[in-house]
Amino acid sequence: MSVDDKHRGPSSNSRARRIARGLVSALVPTERTILTWEGRFYGLAMAILLTAGVIQQINLILLVATFAAGPLVASLFSSRAMLKRLSVQRRSPGYVFSGDTLVIDYALENGRRRMAALALFIEDALVSVDRSVTGAALSPSVFFARVAARDRVRLRWQGPSPKRGKYRFRDLDLATRAPFGIVERRVTIPLPEQLVVYPKIGQLTRRWFQLQRQTSENRLGQRHDRSAQQEEYHGLRDYRAGDSSRWIHWRTSARRGELMVKEFEQQNEQDLAILIDPWLPRTKVSPLQREAVEQAISFAATICLETCRRQGRRLVLGWTGATPGVIQGQASVKLVHELLEQLAVLRYTNEGGLAELFDALPQATLRDALLIVVSTRPHNLVEEAERSTHLTASSARSLLGRAVTLNAAQGELNDLVQYAESNSRNLLEQRLSSAEAERLTSQEERRRGKYSGDGEVVVETLSGDGPPTPQNDRSDRL
């Protein structure tokens, strides 16, 4: 290939790209010119003057009408030039919790050397991916008064997040009405992004932990000692109403400026399965019934978050429907986001039941796991277990002893979870980030000693002529 051919090739390619771009812009225009309400009244007044001057043959009125056309023509050209060499960026979170504040950052960069950008505003649109969800769209907008040449300005938009679900950002519109406000020039910029709105999460109460422990202890018809000597120290957590003062970790509380209590768990902790039945009737659905479903989903999301703080425990999430679904895995940060995303897009159902969900669960879950059934209608687990093809009579009896059934429609979740005013995203990050720190702290403290029942650390020291001798360290009281 010759040098001329090499130079001719890119030129022809660029020409073809320009032609293709022109055809696309003609078929799908990304720039629009709109007369504002002020511009319409201004044009009407100019037309009246022009008509009166022509009819009455008065040159002065014709001259005024001609001068009045100047700002209109200037607005058409200046507004077009105002949008040249501008770039827009949007920075949004990948997820947000329902009810929390949604924060979106918009950055506008002016690439011109001398001319400043004036009176620019951005209009955005956030719509639900699920078309059946109505009334959940948001329209963020920000206004840039002035962006100097070769400068970049960033503005933040804040507003309440929509209902749980998966959303996408539509194409973003950048517009200006400079310099006179009678003509609006608007350009559409494609910036596709997705946003997942997780269900609202809260804090599990002491009543929930008591219910979970009681079910775990009774699963084989045996009672275990509830004392701390029979439990394994897990870590620290925030103080909740009703916690004993003996569980307060004073050193950490003084360091963090808030009360922190010790958290214990049984050494042979069971796997956990959360089964959700988001049932609603086909007709005549009341707002209380919808609220009960949302409360059940938020309760399940809270349990998923609390369970995934502890590494090694297996968690199963199942939901009813025409086609029941199951997600399972080892407790981890990745798993909790998968579960919260599934709960975010979980829709109401009036089909299916627990029997079909039992058939979809793994055999190990049916055999050993602790089952938490959250529904909005009453269930007879005996009948549901008998209808299942994967459960025998003996396994059904074992399952009933390990199951906790909660009816959200009857208010059975009110005493098990509390919703605080704090930001749920910060709560998630604090819990997941502190879980690893608490695990390392507990390992270090276990290496140094072990906890006794009265809240003291028992330190083992090696003597030269005998076995390890336990000593009470009163200076490190917890």
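**Exercise 1. Work out what share of the chain is buried, and get a feel for its overall make-up.**

Step 1. Of the 478 residues in the chain, 42% are buried, where buried means under 20% relative accessible area, exposed means over 50%, and partly exposed is in between (1.4 Å probe, protein chains only).

Step 2. Keep the ground rules in mind: this is a predicted model, with local features needing pLDDT of at least 70 and side-chain atom pairs counting only at pLDDT 80 or more, while totals for chains, interfaces and linings use all residues. Residues are numbered from 1 along each chain as its sequence is written, and side-chain values use heavy atoms, with hydrogens and water left out.

Step 3. Next, the surface: the chain has about 26,100 Å² of accessible surface, and carbon and sulfur atoms own 53% of that. Accessible areas come from the Shrake-Rupley method with a 1.4 Å probe, and for residues only the protein chains shown count as cover.

Step 4. For secondary structure, tally 12 helices and 24 strands. These are DSSP runs numbered from the N terminus: helices are H or I with at least four residues, strands are E with at least two.

Step 5. Finally, take contacts (heavy atoms within 4.5 Å). Among those between residues at least 6 apart in sequence, 73% join residues at least 24 apart.

**Exercise 2. Check the spans of helices H3 and H6, and find out which residues of H3 are buried.**

Step 1. The expected span is 1.5 Å times one less than the number of residues in the helix.

Step 2. H3 covers residues 59-82, which is 24 residues, and reaches 35 Å from first C-alpha to last, close to the expected 34 Å. H6, with 22 residues, reaches 32 Å, close to the 32 Å expected.

Step 3. Now the burial: in H3, the buried residues are Ala-65, Ala-68, Leu-72, Ser-75, Ser-79 and Met-82. Their cover includes helix H2 (37-56) as well as strands E1 (31-35), E2 (86-91), E5 (117-123), E10 (172-176) and E11 (183-189).

Step 4. As for H6, it's mostly covered, with 16 of its 22 residues buried.

**Exercise 3. Go through the aromatic pairs, then look for charges over rings.**

Step 1. Rings of Phe, Tyr and Trp (its six-membered ring) pair if their centres lie within 6.5 Å; planes under 30 degrees apart are stacked, over 60 edge-to-face, and the rest tilted. Searching the whole structure turns up four such pairs.

Step 2. One of them is Tyr-95 with Phe-97, edge-to-face at 6.2 Å centre to centre, with 85° between the planes. Tyr-95 is buried at 13% relative accessible area, and Phe-97 is buried at 0%.

Step 3. Trp-208 and Phe-299 also go edge-to-face, 5.5 Å centre to centre and 90° between planes. Trp-208 belongs to helix H4 (residues 206-217) and Phe-299 to helix H6 (residues 287-308), so this pair ties together parts 91 residues apart in sequence. Both Trp-208 and Phe-299 are buried.

Step 4. Ring pairs also link Tyr-95, Phe-97 and Tyr-198 into a cluster.

Step 5. For charges, the test is NZ of Lys or CZ of Arg within 6 Å of the ring centre and within 35 degrees of the ring normal. Arg-40 passes over the ring of Trp-37, with its charged end 4.7 Å from the centre, and Arg-90 does so over Phe-169 at 4.3 Å.

**Exercise 4. Describe the surroundings of Arg-186, Arg-152 and His-379.**

Step 1. Fix the term: a polar contact is a pair of N or O atoms within 3.5 Å; within protein, one must be able to donate a hydrogen and the other to accept it, and residues adjacent in sequence count only if both atoms are side-chain atoms.

Step 2. Arg-186 sits in strand E11 and counts as buried because its relative accessibility is 8%. Its side chain makes polar contacts with those of Glu-123 at 2.9 Å and Glu-184 at 2.5 Å.

Step 3. Arg-152, in strand E8 (residues 151-160), is partly exposed because its relative accessibility is 40%. Its side chain has a 2.5 Å polar contact with that of Gln-89. Not counting residues up to four places away, Arg-152 touches Gln-89, Ala-107, Leu-108 and Glu-109.

Step 4. His-379 lies in the loop between strand E19 (370-375) and helix H10 (381-387). Its side chain makes polar contacts with the side chains of Asp-277 at 2.8 Å and Ser-375 at 3.2 Å.
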